Amino acid sequence: MTHRVLLNNVEHKDLKIILGRGTRFGDGETICPTFPAEFRNVLAHYPIVFRETGNEQRYEPVALFGFVEGENLFAGADAWDALYVPMAVARQPFSMGLHDDSLLVHVDLDHPKVSTTIGYPLFLEYGGQSELLEQVNSLLLALHEGLQSNAGFVAALLDHDLIEPLTLDIELNNGSHNQLLGFSTINEEKLAALDGAALAHLHRHGYLMAAHQMGASLVQLRELIERKNQRVAVDG
């Protein structure tokens with residue numbers, strides 16, 4: 001359950017945020033949205049794939065943390081085992097939302113990071129924003145602008161038929177089989193076969209590098225499988 005409200009310094013003057021990471025702090029996502037300007041940081045740790053959106057954009061890029069719903073192989077109870085945490089995870093429990101045609105910060109009051117007794121305050125004694133809230137504002141704005149850029153990226157890839165389904169059959173060390181289904185990736189053969197004009201168009205908009213970064217990120221599937229093997233071994 002979530003209780004998302006517009007953040008303000010009157011009703012929420014005593015709110016504090018716990019800065020811990022891990023599943024007990026709400027970090028149990030299997031995927032999270034990402035965007036081309038973030039790919040360089042994300043691909044260092046996570047596979048980047050497409051999921052279908054069900055809207056006119058059709059696809060969005062996501063960072064992959066596990067193989068089944070509710071599984072995050074990077075999150076322990078009290079830790080996140082990677083140097084970079086994607087923005088869509090790091091921004092929790094905050095989000096950016098429209099209010100009277102303006103983008104303003106919202107907070108999920110039911111999120112496990114939110115407290116009135118422990119953590120870092122959001123507002124100063126006389127109502128000003130704390131340094132933490134200023135950082136949150138910057139993060140949310142960067143995330144919002146980045147996610148907005150996905151529409152152009154996806155449209156350009158679809159124009160050249162560069163998105164294809166990704167199916168992965170995995171055999172773990174204990175002999176069990178798993179499948180990764182429902183995601184898509186870059187068709188690298190078609191990307192390599194594009195003519196000069198198409199490549200120049202993709203490059204001009206920054207989409208060519210982003211497409212190559214998505215393809216390169218799939219090497220992290222091996223790391224993800226190894227994490228799955230370790231998790232299965234510990235869980236028995």
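This passage walks through the sheet, the nonpolar cores and the salt bridges of a predicted model.

The sheet makes a handy starting point. Five strands build an open sheet, lined up as β3-β5-β4-β11-β10, with antiparallel pairing. At the edges sit β3 (31-33) and β10, each of which pairs on one side only. Direction ignored, neighbouring strands of this sheet are turned by 50° against each other on average. As background, strands of a sheet pair through backbone hydrogen bonds, either parallel or antiparallel.

Zooming in on one edge, strand β10 (residues 163-171) runs antiparallel to strand β11 (residues 177-186), and eight bridges join the two. Towards one end of the pairing, E164 has T185 of β11 as its bridge partner; I170, for its part, is matched with N178 of β11. Five residues lie between the strands of this hairpin, and G175 takes a positive phi there, near 90°.

Next comes the packing. The largest nonpolar core has 49 residues, and within it F50 and W80 touch the most other members. Helix α7 (residues 207-217) supplies the largest share of this core, five residues. Another core lies apart from it and holds 14 residues, including V5, V107, L132 and V136.

That leaves the charged side chains. In general, side chains of opposite charge can pair when their charged atoms come close. The count here comes to eight salt bridges. One of them joins E71 and K228, with N and O 2.5 Å apart. E71 belongs to the loop between β5 (59-64) and α2 (87-90), while K228 belongs to helix α8 (residues 220-235), so this contact ties together parts that are 157 residues apart in sequence. Both E71 and K228 are buried.

Helix α8 also provides R227, which forms a salt bridge with D81 in the loop between β5 and α2. The closest N and O atoms of that pair are 3.1 Å apart, and the contact links distant parts of the chain, 146 residues apart. The two ends differ in exposure: R227 counts as buried because its relative accessibility is 13%, under the 20% limit, whereas D81, at 48%, counts as partly exposed. The pair is also part of something wider, as salt bridges that share partners join D81, E223 and R227 into one network.

A further salt bridge involves sequence positions 13 and 14: K13 pairs with D14, the closest N and O atoms being 3.2 Å apart. D14 has a relative accessibility of 42% and therefore counts as partly exposed.

Definitions and conventions:
Residues numbered from 1 in each chain as written. Predicted model: local features only at pLDDT ≥ 70, side-chain atom pairs only at ≥ 80, totals over all residues. Heavy atoms only, no water. Pairing = 2+ DSSP bridges. Helix = DSSP H or I, 4+ residues; strand = E, 2+ residues; numbered from the N terminus. Core = buried A, V, L, I, M, F, W, Y, C linked by side-chain atoms within 4.5 Å. Buried < 20%, exposed > 50% of the residue type's maximum accessible area, 1.4 Å probe, protein only. Axes fitted to C-alpha atoms, helices over the stretch in contact; angles between N-to-C directions. Salt bridge = Lys/Arg side-chain N within 4 Å of Asp/Glu carboxyl O.
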